[in-house]
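Reader: I'm in my first year and still learning how to read a protein model. Could you pick one part of this one and take me through it slowly?

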Amino acid sequence: MDWPAIALSLRLAAVVSGVLLLIGVPIAYWLAFSTWRWKFACEAVVALPLVLPPTVLGFYVLLALGSQGPIGRLWTAWTGHGLAFTFEALVIASILYSLPFTVQPIASAFAQVDRTLLEASATLGVGRLHTFRRVVIPLSIEGILSGIVLTFAHTLGEFGVVLMVGGNLPGITRTISISIYDDTQSLNLAAAHQTALLLLGFSLLALSIVYALMRKPWAVAPLS
Amino acid sequence: MTLSVCIRKRLSPAFLLDVTCDIEPGVTILFGESGSGKTTFLRCVAGLARPDEGRIAVGDRILYDAHAGIDVEPARRQAGFVFQHLALFPHLTAAENIGYGLSQRPASERLARTAAIAASLRIAHVLGRRPGQISGGERQRVGLARSLVTDPAVLLLDEPLSALDHATQSRIIADLRQWNEARRIPILYVTHSQREVFALGERVLLLQNGAIAADGTPERVMNAPAQESVAQLAGFENLLEATVVDRRPDAGVMVARLARTNVTLETPLVDAGTGDALRVAIRAGDILVATERPRGLSARNIIAGTISSLSREGATIRADVHIGVPIEVHLTPTSSTALDLRPGHDVWLVIKTHSCHPVSAI
């Protein structure tokens with residue numbers, strides 16, 4: 001078993017999930033509650049990684065992060081070393097690639113919160129931030145947890161984007177999927193099998209958690 | 001403190017909400033059919049909808065003024081709002097729902113005020129339960145308590161009791177009246193139930209197609225409709241065209257002849273001259289049926305007619321009787337059977353003077 005690759009993937013998934021939680025919740029809130037007429041364009045951009053081949057996304061991210069790219073140059077000026085083929089590059093690429101997996105479940109949970117509850121909160125003298133914390137978040141908690149679990153599982157199993165942006169540097173950018181690919185290429189099928197089975201089990205577990213969370217515990221009995 | 005409202009809001013090309021009124025402390029009923037603009041009116045006062053133009057103020061405090069560019073956000077209006085479907089927070093207990101609007105206050109004060117209002121509305125026993133675990137009437141009381149506990153400057157209720165049985169409605173209405181005896185804030189209560197109008201209202205505003213069509217005490221607006229549309233709303237099945245033929249101010253009555261007939265009806269006196277056209281509104285349930293000409297009755301209007309059809313509508317028998325013009329009469333199935341009523345039979349209709357409501361014929 002390629003433990004360094006597993007550790008790296010877990011670290012990557014944890015960092016990406018954490019960052020995406022911070023930026024995904026505000027984006028989801030805006031998508032759920034904004035009435036801006038061009039909002040659909042933003043929804044399309046957020047959903048793009050769902051349909052875009054990972055190589056295409058990886059290619060553009062690589063151009064942007066490379067030594068000649070805008071982000072790459074800024075990074076080099078700031079830190080003194082390049083960004084491509086580093087763990088940080090993996091994090092940036094994975095954030096973009098996993099964005100819809102965080103935003104969509106959370107936005108959909110926010111959108112399902114009854115608007116009258118938000119109006120009721122306002123008429124009780126409670127401001128928006130407080131309403132968000134006391135009403136929107138608790139009623140969307142399943143969606144938020146689903147988003148995190150999906151993001152974590154998705155990042156853990158990433159392959160194409162990681163290969164394009166990070167390459168295959170053991171301990172730095174060699175993730176579980178790349179380890180499986182490598183083992184298969186070198187006909188080390190037993191090792192590939194072990195790692196693949198681990199990933200399969202984890203993915204199944206993650207999805208089970210998501211579906212279990214989707215059950216609504218706060219169902220209100222209808223008024224007779 | 002008085003709630004002053006003068007707003008215009010176009011809801012569709014054909015519908016304009018255009019209301020100007022002062023709501024004094026006490027309960028004012030906003031009565032009207034669905035789509036008359038009642039809820040939009042309340043939402044404008046609460047800040048949940050924005051008028052196109054106008055001004056809303058409670059006492060000296062301006063909540064909205066289109067010219068001055070003032071539009072106080074809902075959270076700062078101190079306008080309590082009880083929603084038709086309550087909008088209780090499903091993840092919070094009844095106590096947390098009630099204390100929700102007091103979250104800026106110290107916990108001890110919040111708990112004390114929650115307990116006090118719960119006791120006065122008799123829901124202390126459900127405080128630890130969530131909305132999904134209590135009855136409809138209890139939920140209604142929690143919704144009311146949640147708004148009352150914040151000490152609003154004005155209270156807006158959007159058909160809050162429509163889902164409840166009459167007994168529960170009456171008890172909650174009594175509690176609300178009692179609460180307001182001490183506060184005397186303007187309460188706007190939207191309903192389309194006549195029962196609630198009489199039980200609660202000190203004043204009724206009748207809203208029709210976005211405008212106030214009548215304004216007065218429940219007795220005046222509901223019992224002696226000044227306009228035909230009011231009669232239709234208040235459930236008068238019969239609206240008969242008539243002409244005033246005699247006035248007897250000393251007796252407080254007048255006589256009107258139904259159009260295209262020789263039938264005359266004695267009605268209460270209204271401000272109409274001899275020869276004026278008006279309509280007489282009569283509830284189908286206020287008309288008695290006899291198979292022989294009655295004698296020795298106090299009722300002044302005894303009219304001959306012929307039954308043209310009989311049909312059953314729920315627990316009521318509807319008889320359409322021709323007296324020169326068609327008139328609808330409601331009876332119980334037992335009286336219909338006892339009198340052996342059939343289409344084609346001649347009958348006598350008995351109507352008390354005060355069951356005939358003259359309305360203007362617009």
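Author: Happy to! Let's look closely at chain B, and at one sheet within it. Please keep in mind that this is a predicted model. A good place to start is how the chain's contacts are spread along the sequence: of the contacts in chain B with a separation of 6 or more, 66% join residues 24 or more positions apart. Chain B has 362 residues, and 40% of them count as buried. Its C-alpha trace spans about 75 × 50 × 40 Å along the principal axes. Within that span you can find nine helices and 21 strands.

Now for the sheet. Five strands of chain B make up an open sheet, and reading across it the order is β14-β13-β12-β15-β21. The pairing is antiparallel. In general, strands of a sheet pair through backbone hydrogen bonds, either parallel or antiparallel. Which strands stand at the edges of this sheet? They are β14 (264-268) and β21 (357-360) of chain B; each has a single partner strand, so one side of each is left without a neighbour in the sheet. As you go from one strand to the next, the twist averages 50°.

Let's zoom in on the β14 edge. Strand β13 of chain B covers residues 253-258, and its antiparallel pairing with β14(B) runs over five bridges. To see one of these partnerships in the structure, find R257(B): its bridge partner in β14(B) is T264(B).

With the sheet in view, let's turn to where chain B meets its neighbour. How many residues of each chain take part? On the chain B side there are 22 residues, in contact with 21 residues of chain A. Two elements of chain B give two or more residues to this side, namely β7 (79-82) and α4 (136-148). Of the elements, β7(B) gives the most, with three residues. Sorted by class, the chain B side has 13 nonpolar residues, eight polar ones and one charged one.

Finally, a quick look across at chain A, where a pair of helices is worth finding. Helix α5 (residues 87-112) and helix α7 (residues 128-156) of chain A have axes that come within 8 Å and cross at roughly 155°. That angle makes α5(A) roughly antiparallel to α7(A). The crossing of α5(A) past α7(A) is right-handed. Among the residues making this contact are F101(A) and I106(A) of α5(A), along with I144(A) and L150(A) of α7(A). By class, the contact of these two helices has eight nonpolar, 11 polar and one charged residues.

Conventions:
Residues are numbered from 1 along each chain as its sequence is written. Chains are lettered from A and ligands numbered from 1 in the order in which they are written. This is a predicted model: local features need pLDDT of at least 70, side-chain atom pairs count only at pLDDT 80 or more; totals for chains, interfaces and linings use all residues. Two residues are in contact if their C-beta atoms, placed from the backbone, lie within 7 Å. Helices (H or I, at least four residues) and strands (E, at least two) are DSSP runs, numbered from the N terminus. Ala, Val, Leu, Ile, Met, Phe, Trp, Tyr, Cys and Pro count as nonpolar, Asp, Glu, Lys and Arg as charged, and the others, Gly among them, as polar. Two strands pair if DSSP finds at least two bridges between them. Axes are lines fitted to C-alpha atoms, for helices over the stretch in contact, and angles run from 0 to 180 degrees between N-to-C directions. A residue is buried if 20 or more other C-beta atoms lie within 10 Å of its own, exposed if 12 or fewer, and partly exposed in between; C-beta atoms are placed from the backbone. Angles under 35 degrees count as roughly parallel, over 145 as roughly antiparallel, 65 to 115 as roughly perpendicular and the rest as oblique. A crossing is left-handed if the near helix is turned anticlockwise from the far one by less than a right angle, and right-handed if clockwise.
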